[in-house]
Amino acid sequence: MADLAGAPRPSSSVKLVLLGEAAVGKSSLVLRFVNNDFQENKEPTIGAAFLTQKCNLPTRTIKFEIWDTAGQERFASLAPMYYRNAQAALVVYDLTKPTSLVKAKHWVAELQRQASPGIVIALVGNKLDLTNDSGDGEGTDANDSGDARKVSTEEAKTYAEEESLLFFETSAKTGYNVTEVFTAIANAIPETSLKTARGAGASAAAASRAEEQRVNLNGPRDPNAKEGCAC
Amino acid sequence: MDEIAPEYDVIVLGTGLTECILSGVLSVKGKKVLHIDRNDHYGADAASVNLEVLFKKYGNYAKGTEPWKQYGRLNDWNIDLVPKFLMSSGELTNILVSTDVTRYLEFKQVAGSYVQQGSGPRATVAKVPSDAGEALRSPLMGIFEKRRMKGFIEWVGSFNVKDTATHKGLDINTCTMKEVYDKFGLETTTKDFIGHAMALYPNDAYIDLKGGAVEAIDRIRLYGNSVARYGKSPYIYPLYGLGELPQGFARLSAIYGGTYMLNTTVDELVYEDGKAVGIKATMTGVDPEMTFETKAKMILGDPSYFPGKVRVVGHVLRAICVLKHPLASTNDADSCQLIIPQSQVGRKNDIYIACVSSAHNVCPKGYWIAIVSTIAETAANHHLELAPGLERLGRIEEQFMGSPIPLYEPLEDGTRDKIFISKSYDASSHFESTTDDVRDIYRRLAGEELVVEGLREGIQVADE
Ligand SMILES: Cc1cc2nc3c(=O)[nH]c(=O)nc-3n(C[C@H](O)[C@H](O)[C@H](O)COP(=O)(O)OP(=O)(O)OC[C@H]3O[C@@H](n4cnc5c(N)ncnc54)[C@H](O)[C@@H]3O)c2cc1C
Ligand SMILES: Nc1nc2c(ncn2[C@@H]2O[C@H](COP(=O)(O)OP(=O)(O)O)[C@@H](O)[C@H]2O)c(=O)[nH]1
Ligand SMILES: [Mg+2]
């Protein structure tokens, strides 16, 4: 793309949250997407519940700020602050566990009620490697003992279409379809809801006027570098 | 559902701000924390709620009607139950920055800090002067008093407790603030706004306190430094309301391994030899209900979880009001604090008005939320006690005022029974007393001072 040479693609940050029942593979999907890694019987990673990953599209770069649940979903105690202002959500269920789809539907309803109106939601059925159609045709341990699938593609897909959700079946274990989910979300984020990353791009000026009164607490303690009162 | 561990280092009861900060700090320090709340939401008494919840909490509507429906989208309302602002150079700001909880929250300035002089229709409401220049322009003082005030502010700025040359010949460590005021020849009305709207003392007890001058000067400097930081007022406020603060610290705790359970009632505190060693509890809202028992080396929580272990030290009167206009004489501020010093209206305790609006995403456009509060001084007629504050609001669309809210304090310090109880959120207009309580509880339970600077360094996992 010669016309883009030298002109860096506009880059925007997008807050993406993960929702779904515990143990469906939310953290594993992020680990696969961000580090292309997978850990069997993964312990929750301490201190890491905020990751970033870029997604390069032909005309722009989306920088996902990925918020993991930090385990607060385990006893149904996720804080609303967590999904406030999210521009994208990955609602994950486990293909081998029907109750996890019920839970996923609750989350979709909650997002439609509480989240920003333009939010892009992807419904993701994870652990495809445990089913007979594991995507890459590769057999797995589970296949030896038969197909563990308990939620049909048909059922989930119909629901996703009714609610206008993106829909994917993935395996965080093999990596099947994982990047595709994030790319599809990046493509679906409406141009208008994109905040240009701080300092980049001219359209940021208008946005920053509205942000005028926002304060950056991490900035220097006292701008006047004065001790005592501002006299 | 996951299993609850048989034992934790600490069980925390209630998800108010004090509890969530402590939970976060303890988790970061490697303690295994179980954090419980009986409610279905975070925040306990420090929550922000929508109008429907507020109407239902106060019950001030006719059965069968739904008055909240005339006020736009419910989700646009985040009304604080306890009104407070953060001092931008205060301790809570410091804790937020040191723990990186700022990452989850956004703050905006509060547009103005005002004080009332006089009472009734002849009262003056004016910006609190925070530097020498503002002092000279202020309508609060006559021409000669302005000069004296300018001299005082400049002196506070250059004051150094370790340098006697800056002490104006006073024995600063033993003298009273009255002696300091007298040194500058300040008038009573000026002392009033300095002590109440800058040093933020709720009453006049500080004036004659022997050795109290240094603290008063420190408080005035905190005010000045906080104004200097962002310019408009010393206060900042989180978008979507104060309820975001406990949620932010709860997330910090969870990230460092803390376990969260809302909707969970404590059925029994379990003791051995007079020491708390665990709890029996039930989590509802799940099918079937989950009853469990777990142990802990210590238990901390808010007063509501320990009815026999706290005493009432006072009552707060509070009226939450919905307006369709900004406060008069505040330059149409989208947010402000207005302090009515006690002596101006013949009281012993100040009246505070905290006002926020859609600028901070706490209500739809076109609305303002003003919360009027004070410490109760009488046994009845509470609306009369708040009247000087309510008078400042003009037309009120909705008013929520319940019975006086008791302020609780623990009877013991917790070292004997391993139960560490926080204080109720007091009537003060900012969070400095809350962070004092956090430090005090931490000292009691950990046997050391809490140092938040650098808390997450070295254990933080990289972003990218
Ligand atoms: C605006 C407002 C501000 C308040 N501020 C404070 C404050 O700063 N500090 C403070 O301590 N209190 C505060 N309270 C609480 C108040 O003083 C009473 O303690 C409280 O309202 C009593 O419970 P409730 O019936 O109102 O139920 P809620 O407050 O709605 O309590 C929720 C649930 O907890 C249960 N519950 C209540 N107490 C206990 C307990 N000890 N053990 C187990 N379960 C319990 C109730 O039965 C109820 O089911 C405030 C209340 C209001 C309305
Ligand atoms: N077979 C298989 N196991 C998975 C997959 N994704 C996650 N897991 C496992 O499921 C468990 C829970 O995963 P985790 O990512 O912690 O789930 P979370 O609680 O939703 O974040 C772990 O033991 C993972 O190894 C997958 O695609 N296939
Ligand atoms: Mg996880």
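Which polar backbone atom lies 3.3 Å from an oxygen atom of ligand 2? In this predicted model, that atom belongs to A:Val24. Another backbone contact of ligand 2 involves A:Gln39, where a polar atom lies 3.1 Å from an oxygen atom of the ligand. A side chain also takes part: a polar atom of A:Asp129 is found 2.6 Å from a nitrogen atom of ligand 2. On its own, ligand 2 has 580 Å² of accessible area, and the protein covers 87% of this.

The surroundings of ligand 2 comprise 21 residues, and the closest are A:Ala23, A:Lys26, A:Ser28, A:Asp129 and A:Ala172. A:Asp129 is thus both one of the closest residues and the source of the side-chain contact with the ligand nitrogen. Helix H1 of chain A, residues 26-35, supplies the largest share of this shell, with three residues. By residue class, the shell holds six nonpolar, seven polar and eight charged residues.

Ligand 1 is surrounded by 13 residues, of which B:Arg38, B:Tyr58, B:Ser304, B:Ile405 and B:Tyr408 come nearest. For B:Ser304, a backbone N or O atom is placed 2.2 Å from a nitrogen atom of the ligand. Two side chains also offer an N or O atom to a ligand nitrogen: that of B:Asp45 at 3.2 Å and that of B:Ser424 at 3.3 Å. Taken alone, ligand 1 exposes 930 Å², and 56% of that area is buried by the protein. Two elements of chain B, helix H2 (51-58) and strand S19 (405-410), each give two or more residues to the shell. The largest share, three residues, comes from S19(B). The shell of ligand 1 is made up of six nonpolar, three polar and four charged residues.

Apart from the ligand sites, the model contains nonpolar cores. In soluble globular proteins, nonpolar side chains tend to be buried together. The largest nonpolar core has 169 residues, and the members that touch the most others are A:Phe64, A:Leu123 and B:Phe152. A second core, separate from this one, consists of 24 residues, including B:Ala5, B:Ile36, B:Ala281 and B:Ile421. When neighbours within four places in sequence are left aside, the contacts of B:Phe152 are B:Met177, B:Val180, B:Tyr181, B:Phe184, B:Leu186, B:Ile194 and B:Ile220.

Several backbone features in chain B were also examined. Most residues other than glycine have a negative phi, and most peptide bonds are trans. B:Ala44, which is not a glycine, has a positive phi of about 45°. This residue, B:Ala44, is located in the loop that runs between strand S2 (33-36) and strand S3 (48-49) of chain B. Buried residues have a relative accessible area under 20%; B:Ala44 counts as buried because its relative accessibility is 13%. A positive phi, near 70°, is also found at B:Asp100, again a residue other than glycine. B:Asp100 belongs to the loop between helix H3 (91-99) and strand S6 (107-109) of chain B. The peptide bond that joins B:Asp287 and B:Pro288 is cis, with omega about -5°. B:Pro288 sits in the loop between strand S12 (275-283) and strand S13 (290-301) of chain B.

Notes
Residues numbered from 1 in each chain as written. Chains lettered and ligands numbered in written order. Predicted model: local features only at pLDDT ≥ 70, side-chain atom pairs only at ≥ 80, totals over all residues. Heavy atoms only, no water. Core = buried A, V, L, I, M, F, W, Y, C linked by side-chain atoms within 4.5 Å. Buried < 20%, exposed > 50% of the residue type's maximum accessible area, 1.4 Å probe, protein only. Contact = heavy atoms within 4.5 Å. Helix = DSSP H or I, 4+ residues; strand = E, 2+ residues; numbered from the N terminus. Near = heavy atom within 4 Å. Polar contact = N/O pair within 3.5 Å; in protein donor to acceptor, adjacent residues only side chain to side chain. Areas by Shrake-Rupley, 256 points an atom, 1.4 Å probe, with all protein chains shown as cover. Nonpolar A, V, L, I, M, F, W, Y, C, P; charged D, E, K, R; others polar.
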